[in-house]
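Thanks, everyone, for making the time. I would like to walk through the charged pairs first and then turn to the cysteines, so please have the sequence and the model in view as we go.

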Amino acid sequence: MSDNKNAKMKRIYLDYAATTPTDQRVKDAMGRFWTEEFGNAGGLYEEGRRAKENLRASREQIARAIGARPDEIIFTSGGTESDNLAIFGVSGAAKHGHIITTEFEHHAVLEPCQRLKKEGFDVTFLDVGEDGIVKPENVKRSLRPETILVSIMYANNEIGTIQPIAEIGKIIKEFKGGGAGYPYFHTDACQAAGYLDLNVNKLGVDLMTVNGSKIYGPKGIGFLYKRAGVKIKPQIIGGGQEMRMRSGTEPVALIVGLAKALEIAQAERVAESARLAPLRDYFVSEIQRRVPKVILNGHPAKRLPNNINISILDIEGEALVLYLDAKRISFSTGSACTSESLEPSHVILALGKPYEFAHASMRFTMGRSTTKEDLDYVLNELPNAVLWLRKVSPLNLEAGAKSMSHPEAFAGENLKVKAKSKSYK
Amino acid sequence: MNNKQDIDVINQYTGEKWYYSDIVKDHFFHPRNLLWERPKDESEYDAHGMVGSPACGDMMEMWMKIDPATARVKDLKWKTFGCASAIAATSMFSVMVTENGGLSVEEALKVRPQDVMLRLGGLPNRKIHCSVLADKAFQKIANDYFRKTGRFDKIVVEGARVIDPRLNITDKDIEEAVLEGAQNLEDVQKKLKVGVGASEEVKTEVEQLVRFYKDKYYG
Ligand code: FES
């Protein structure tokens with residue numbers, strides 16, 4: 001195959017926020033841990049001791065990357081488990097109290113908080129405004145003596161907006177008046193880990209979620225940073241591994257991979273951010289120039305350098321995803337039609353946009369392989385696809401719309417339209 | 001946000017590797033009877049209808065012309081704000097009611113979502129409600145046509161009947177839940193986020209409705 005033809009067949013993958021390919025250097029680091037170094041770290045004999053030693057080295061490597069102590073790292077199966085462990089762990093140990101989180105958290109935080117609410121915990125879901133950024137003073141105002149946990153993501157997975165974690169950390173510290181104890185501060189840093197500073201002391205967090213699948217590491221592995229002294233109730237019990245906080249035989253290969261991936265991600269994050277941010281801004285301004293009625297979701301600058309999330313009004317996301325898939329472009333959408341629950345993106349709705357905007361929201365997330373040529377190819381294909389799908393669509397929304405466009409289509413049949421917490425008659 | 005990897009990409013009816021069957025794909029990329037430009041004068045068409053999908057919030061609009069000589073559907077044009085299944089199902093529906101000289105409006109009303117799905121080579125379960133959208137849009141357009149031609153007795157308005165008075169849950173809510181995949185009372189409770197069926201009678205009624213709608217759409 002000639003180079004030219006090769007280039008023609010290449011797919012343009014723009015869903016790095018969903019998952020990243022495993023870095024070759026990570027793969028290499030993991031290489032000997034499948035058949036040669038297979039021991040159980042619990043064994044007293046040679047194989048076990050070696051596994052334990054590798055585990056220790058990886059734990060130290062991770063602790064170094066985030067400015068923590070090795071015994072503050074709890075390995076888990078990934079982001080969801082770490083988030084669940086943080087929320088259910090803290091609430092399980094405290095037994096009752098008040099929790100503060102945001103409306104647009106990842107479902108791995110949101111759903112546990114919703115369940116706790118049903119079980120009698122008091123939960124405050126903070127508004128994130130039109131920009132998708134939590135106001136620190138809102139956190140301050142919501143803190144109460146009985147608050148046990150504040151959980152706010154570092155960067156949003158859909159719109160990439162970066163939350164003022166360090167500032168909120170300071171507010172919580174002041175509230176505690178220098179003492180330890182409640183409220184604890186948790187952040188989900190899965191999306192941020194490739195681009196932002198993860199130093200837990202600068203951030204002032206007590207708990208932090210990170211996983212491998214978003215930072216060119218292996219899938220199925222993550223960790224929860226838990227500051228020494230923070231009380232959580234373990235959720236998976238059995239053999240007592242991970243300082244009794246998470247039982248189960250340690251997957252040494254995955255842990256070695258995660259440590260390597262995090263080390264690389266943190267070493268390269270500044271350069272990679274500097275490379276991607278201009279590409280992001282280029283894509284957004286070009287698409288808005290070439291296609292009418294395209295709205296950027298979330299703050300234009302205070303967002304991850306790899307995240308582009310736009311609503312292309314009047315068209316539905318699944319249709320565009322499949323249309324561009326045929327043109328070898330991969331990205332994702334917040335449309336209800338693609339979600340298991342048939343509910344549109346809670347993140348776009350949290351920005352105060354009507355549900356058609358969520359239906360029309362498209363997320364392009366760049367990564368290490370993304371080049372300007374890739375974006376130019378997309379910028380070439382996208383306008384035609386949009387033009388076509390707009391012909392198919394009966395809608396014609398205003399860019400500034402705040403409510404649903406054609407309630408009569410539904411109301412005539414006595415039906416409600418659900419869009420998460422809102423329902424339209 | 002949903003990852004495409006989450007979705008089973010093998011079509012359950014056809015075993016094909018694309019998310020949808022080849023016929024669905026064809027109708028999605030090349031929809032038939034799509035209305036390109038909105039009519040300048042609505043009276044160009046004999047009837048018009050618009051409907052929204054309660055399940056996912058999508059919308060569909062249809063325009064119809066009747067052949068005055070044969071009283072059969074001559075033209076059925078449409079636009080939809082919806083997913084690939086909605087586009088393909090509407091496209092197929094419009095073909096089915098206009099092919100071979102067209103169906104009468106009464107005959108066209110008998111075309112069931114299942115018939116459309118069969119012609120499409122199947123749709124994933126989660127996408128059945130998209131084909132129902134075309135069905136409902138046609139009911140609306142037929143009503144409009146009957147109204148305009150003075151045959152009021154033929155008009156069918158889907159009214160909602162209250163099943164659980166305590167929570168004001170109607171048969172429509174239950175239909176919706178089934179279209180979203182609810183299989184039993186418990187699923188319905190989960191979907192509606194309330195404990196439907198305080199009394200035994202209400203519970204039985206809900207269970208009966210679930211069976212009825214399951215049969216209607218999946219049977
Ligand atoms: S129209 Fe929304 S899922 Fe098909």
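Over all chains the count comes to 39 salt bridges, and I should say at once that this is a predicted model, so I will keep to what was computed from it.

Let me begin in chain A, where the side chains of A:Glu37 and A:Arg50 meet in a salt bridge, with 3.0 Å from N to O. A:Glu37 lies in the loop between α2 (24-30) and α3 (46-66) of chain A, while A:Arg50 lies in helix α3 of chain A, so the pair ties together parts that are 13 residues apart in sequence. As for their surroundings, A:Glu37 is buried, with a relative accessible area of 16%, whereas A:Arg50 is partly exposed, at 35%.

Moving to chain B, B:Arg119 and B:Glu99 meet through their side chains in a salt bridge of 3.1 Å, again N to O. This pair links distant parts of the chain, with B:Arg119 in helix α4 (residues 113-120) and B:Glu99 in the loop between α2 (84-98) and α3 (105-109), 20 residues apart. B:Arg119 counts as partly exposed at 35% relative accessibility, and B:Glu99 likewise counts as partly exposed, at 28%.

Also in chain B, B:Glu106 forms a salt bridge with B:Arg151, and the closest N and O atoms are 2.8 Å apart. Here too the pair links distant parts of the chain, since B:Glu106 sits in helix α3 of chain B and B:Arg151 in the loop between α5 (128-148) and β4 (162-164), 45 residues apart. B:Glu106 is partly exposed, with a relative accessible area of 26%, and B:Arg151 is partly exposed as well, at 28%.

Which residues do salt bridges with shared partners join into one network? They are A:Arg32, A:Glu37, A:Glu46, A:Arg49 and A:Arg50, which brings us back to the chain A pair described at the start, A:Glu37 and A:Arg50.

Now to the cysteines. A disulfide is a covalent bond between the sulfur atoms of two cysteines, and the structure holds zero disulfides over all chains. Why is A:Cys190 without such a bond? The closest cysteine sulfur, in A:Cys113, is 15 Å from the sulfur of A:Cys190, which is too far for a bond, given that the cut-off is 2.5 Å. A:Cys190 is buried, with a relative accessible area of 6%, and B:Cys83 is buried too, with a relative accessible area of 0%.

Technical notes:
Residues are numbered from 1 along each chain as its sequence is written. Chains are lettered from A and ligands numbered from 1 in the order in which they are written. This is a predicted model: local features need pLDDT of at least 70, side-chain atom pairs count only at pLDDT 80 or more; totals for chains, interfaces and linings use all residues. Side-chain values use heavy atoms; hydrogens and water are left out. Buried means under 20% relative accessible area, exposed over 50%, partly exposed in between (1.4 Å probe, protein chains only). A salt bridge is a side-chain nitrogen of Lys or Arg within 4 Å of a carboxyl oxygen of Asp or Glu. Helices (H or I, at least four residues) and strands (E, at least two) are DSSP runs, numbered from the N terminus.
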